[in-house]
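Here are a few notes to read beside the structure. Please keep the sequence at hand as you go through the points.

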Amino acid sequence: MWRRGWLLTTLAIVLTLAFYLHSEIPNSIGNLGSLWETFLPWGGVLIVPLLVLAVLRRSATALIALLLPTLVWVNLFGGLISDKTGTGGDLTVVTHNVNAGNTDPEGTARALVDSGADIIALEEVTGRSGPAYKRGLDRSHPYHKLTGTVGLWSKYPMKDIRPVDIKMGWPRAMRATVETPKGEVAVYAAHLPSVRVQFRAGFTAGQRDGSANALGEAIADEKADKVVLLGDLNGTMNDRALAPITSQMRSAQGAAGNGFGFTWPASSPMARIDQIMVKGADPVSAWTLPSTGSDHLPVGAKLNLTD
């Protein structure tokens, strides 16, 4: 039992290295590194068939080797499995890619109002659906601004509203100062470019990566003490391409959520590409909302703004 199963042992070691050195997997060929990092939590599923084969092969060597990827996976994601949800919070925020093809914008707006959010960010608002979202949200959130396909609705006054250039040629990001009862908060709403997985081109994410750099620079230049980023970043917290943003801010889901909080696709979520991130504020709780007419799930968080 010690001499058999060397192929399985080798595969276990390779999988361990793929987890531990995920940031070193090169992007030079089809952005393979970013593709692996996008679905990195699901890499743990690969341990199961290797375990079954090791048992069938009766290989003690392979079974011991499989402890390595298991331990590395738990080190990477074990903290996300536990429930870190707290109580209280000064500000409730929600962000939702409502999908340009959403056939029920009125129902989507009602669901977002019912969430109890103080600030709501929307992505993929079209010229056709915009009036429906305004009718549905304006009464409860009278302070609002729509910039391109991205919008912010707030229960509290907003000022210093301006688009943020994320190098797309048209506005898909904005920034506003929200005057909450606990002080001013700089709120960013953003929708980074989509990524694609294609047989010939691989994981195409060049435009998304450039926009992530531009958004990271804007946040780095922000003068406000408390900053909140809401939006569809088309990338996960593990994706190195989002490092210009993730190196500066905390994920509300990672800090105060329960589970992975996958958001896309809504019918069978496999990745969390819709994010709530903060700087200078403490996440108290984070969650995903029920499905609407979109292919993304909305996400929400409660934040503590008190120093």
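1. Start with Leu-21, which sits in the loop between α1 and α2 (32–38). Bear in mind that this is a predicted model. Is Leu-21 buried or exposed? Leu-21 is partly exposed, because its relative accessible area of 36% falls between the 20% limit for buried and the 50% limit for exposed.

2. Leu-21 belongs to a nonpolar patch on the surface. Its partners there are Ile-13, Leu-17, Tyr-20 and Leu-68. Together the five named residues have about 480 Å² of accessible area. Which element gives the largest share of the patch? Helix α1 (residues 6–20) does, with three residues.

3. Now turn to strand β6, residues 173–180. Seven of its eight residues are buried, so β6 is largely enclosed by the rest of the structure.

4. β6 pairs with strand β5 (residues 158–163). The two run antiparallel and are joined by four bridges. Look for Arg-162, which stands opposite Arg-175 in β6.

5. β6 also pairs with strand β7 (residues 183–191). How many bridges join β6 to β7? There are eight, and this pair runs antiparallel. Val-178 stands opposite Val-185 in β7. β6 and β7 form a hairpin, with two residues between the strands.

6. To recap, two places deserve a look. One is the surface patch that includes Leu-21 and Leu-68. The other is β6, with seven of eight residues buried, bridged to β5 and to β7.

Notes: Residues are numbered from 1 along each chain as its sequence is written. This is a predicted model: local features need pLDDT of at least 70, side-chain atom pairs count only at pLDDT 80 or more; totals for chains, interfaces and linings use all residues. Side-chain values use heavy atoms; hydrogens and water are left out. Patches are made of residues with over 30% relative accessible area and no salt bridge: like charges are joined within 9 Å, nonpolar side chains (Val, Leu, Ile, Met, Phe, Trp, Tyr) within 5 Å. Accessible areas come from the Shrake-Rupley method with a 1.4 Å probe; for residues, only the protein chains shown count as cover. A salt bridge is a side-chain nitrogen of Lys or Arg within 4 Å of a carboxyl oxygen of Asp or Glu. Buried means under 20% relative accessible area, exposed over 50%, partly exposed in between (1.4 Å probe, protein chains only). Two strands pair if DSSP finds at least two bridges between them.
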